[in-house]
Amino acid sequence: MRQYIFTPFLLLCVVLTTKAQTTSNNPNAEKYIYWGYLSDYKLGQATEAFTAIDDMLQTYLPEKNEPCLQREMALVSLDQLLHDTDNDATEPFYTFINNRMLRVLEDLDRPVTKGLRIYKLYNDGFIIKSRKATVAIDLIPGGSDAKPFIKDSIIYGIAGKCDALFISHIHPDHANLNIAKSFAARGKKVIVPYGVWVGVDPMIQQIEVPEVETDIEFEELDLTLHVLPGHQDDVYNNINVVEFHGEGTVAQTGDQWYCCDMDWIDHVHEKYEIDVLMPNCWIHDFERHIRGFGPKLIITGHENELGEHSIDHREAYWITIKKMELMPNLNIPYVLMTWGEQYDYQR
Ligand SMILES: [Zn+2]
Ligand SMILES: [Zn+2]
């Protein structure tokens, strides 16, 4: 009887030992076992998710109106990753944003033959390229000086391919002095609000009189900059209306947030023919601003700012989709883009 019980037990031992030996012979066998290593697990998951999102966004490109299901899935997944503070300042995030910005750097060499090519960058940054000019608005590296989100070689490479820089206001998620200096050092103009960086460099030009609309001609670039005197509370916030002669006019609102500017914002469309409006996605009274500018197309900015705000004010792509759904009678198309994406606009 004793021998009868012992035999199957011995057999089981032999099977288990054989299985263990097989497993240990495979050097990758334990690569994806994270038991007890919670932060490693989250890094592994973030790496996989950022990579899949990047692939998805390169397959399903920006398009007018509500994004297709695949793009929406990618953007909402990005919202989730970027609203989980465990992913802040991690390698998967740095890899994601730098890969996308590197593609912008390379793509800026691709000529525009007609209309405008609009690139969206972190955080409320845009680059608009026409046949004759490449203009940056609110171009920043993000992060801290010690550890910027975008590598110096990439962000300064991008800056080097632009002809002028326009800055909405002094807040660090829009304005970076080192980037501005890099433009000035190349003899390229930087236009900033009244009182900002006075005396730093003659190429960094302040609006001379506050509260007054200012026009600046860039003959060599075949464009006119119209600076509208906006505010974010009590901070001067230039609304940059860039008229690329014969190609299109864009308006970027910076962090516009001031009820008393509405009286004149209501009438912007009477003076300017705005092709593309690029508002901050959390602007107050969104619909009234859009009607005031009267654009032909909307491209929002400022989603997923990874700054000092708590996650409820990081803003999400899904919230922009919901806000646009609340304006069914607007009849103005929008293009929802993320960092490193581009859209070709033609009148
Ligand atoms: Zn601001
Ligand atoms: Zn901002």
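Which handedness does the crossing of α5 and α6 have, left-handed or right-handed? The crossing is right-handed, and View 1 below shows it. Please keep in mind throughout that this is a predicted model.

**View 1. Helices α5 and α6 pack against each other at an angle of about 40 degrees.** Their axes are 10 Å apart. Angles under 35 degrees would count as roughly parallel, so the value here makes α5 oblique to α6. On the α5 side, the contact is made by I155, Y156 and A159. Facing them from α6 are N178, I179, S182 and F183. By residue class, this contact divides into five nonpolar, two polar and no charged residues.

**View 2. Helix α5 (residues 152-160) also meets helix α4, with axes that come within 9 Å.** The two axes cross at roughly 30 degrees, and α4 and α5 are therefore roughly parallel to each other. Here α4 passes α5 in a left-handed crossing. If you would like to pick out the participants, look for N98, M101, L102, V104 and L105 on α4, and for S153, I154, G157 and I158 on α5. The contact residues comprise six nonpolar, three polar and no charged.

**View 3. On to α2 and α4, two helices whose axes come within 8 Å.** Helix α2 spans residues 38-59 and helix α4 spans residues 91-107. Their axes cross at roughly 20 degrees; the pair is therefore roughly parallel. The crossing of α2 past α4 is right-handed. From α2 come L43, A46, T47, F50, I53, D54, L57 and Q58, while α4 supplies P92, F93, F96, R100 and R103. Charged residues do take part in this contact: the breakdown is eight nonpolar, two polar and three charged.

**View 4. The zinc ion (ligand 2) sits among donors from D173, H174, D255 and H302.** Both histidines coordinate through NE2, whereas D173 and D255 use OD atoms, with D255 listed twice. These coordination distances run from 2.0 to 2.7 Å. Along the chain, the donors follow the spacing D-H-x80-D-x46-H. D255 has a further role in the geometry, as D255 bridges this zinc ion and the zinc ion (ligand 1). The two ions lie 3.8 Å apart.

**View 5. A closer look at H174 and D255, which bring together distant parts of the chain.** H174 belongs to the loop between β4 (164-166) and α6 (177-185). D255 belongs to the loop between β10 (248-252) and α7 (262-265). The two residues are 81 residues apart. Are they buried or exposed? Buried means under 20% relative accessible area; H174 has 0% and therefore counts as buried. D255 is buried too, because its relative accessible area is 3%.

**View 6. G301 occupies the loop between β12 (297-298) and α10 (317-325).** With a relative accessible area of 1%, G301 is buried. Which residues does G301 touch, not counting those up to four places away in sequence? They are K120, N123, D124, F126, P279, N280 and C281. For a handy distance to check in your viewer, the C-alpha atoms of G301 and Q252 are separated by 8.8 Å. Along the chain, G301 and Q252 are 49 residues apart.

Terms used:
Residues are numbered from 1 along each chain as its sequence is written. Chains are lettered from A and ligands numbered from 1 in the order in which they are written. This is a predicted model: local features need pLDDT of at least 70, side-chain atom pairs count only at pLDDT 80 or more; totals for chains, interfaces and linings use all residues. Side-chain values use heavy atoms; hydrogens and water are left out. Helices (H or I, at least four residues) and strands (E, at least two) are DSSP runs, numbered from the N terminus. Buried means under 20% relative accessible area, exposed over 50%, partly exposed in between (1.4 Å probe, protein chains only). Contact means heavy atoms within 4.5 Å. Axes are lines fitted to C-alpha atoms, for helices over the stretch in contact, and angles run from 0 to 180 degrees between N-to-C directions. Angles under 35 degrees count as roughly parallel, over 145 as roughly antiparallel, 65 to 115 as roughly perpendicular and the rest as oblique. A crossing is left-handed if the near helix is turned anticlockwise from the far one by less than a right angle, and right-handed if clockwise. Ala, Val, Leu, Ile, Met, Phe, Trp, Tyr, Cys and Pro count as nonpolar, Asp, Glu, Lys and Arg as charged, and the others, Gly among them, as polar. Donors are N, O and S atoms within 2.8 Å of the metal (3.2 Å for Na, K and Ca); water is not among the atoms, so sites may look incomplete.
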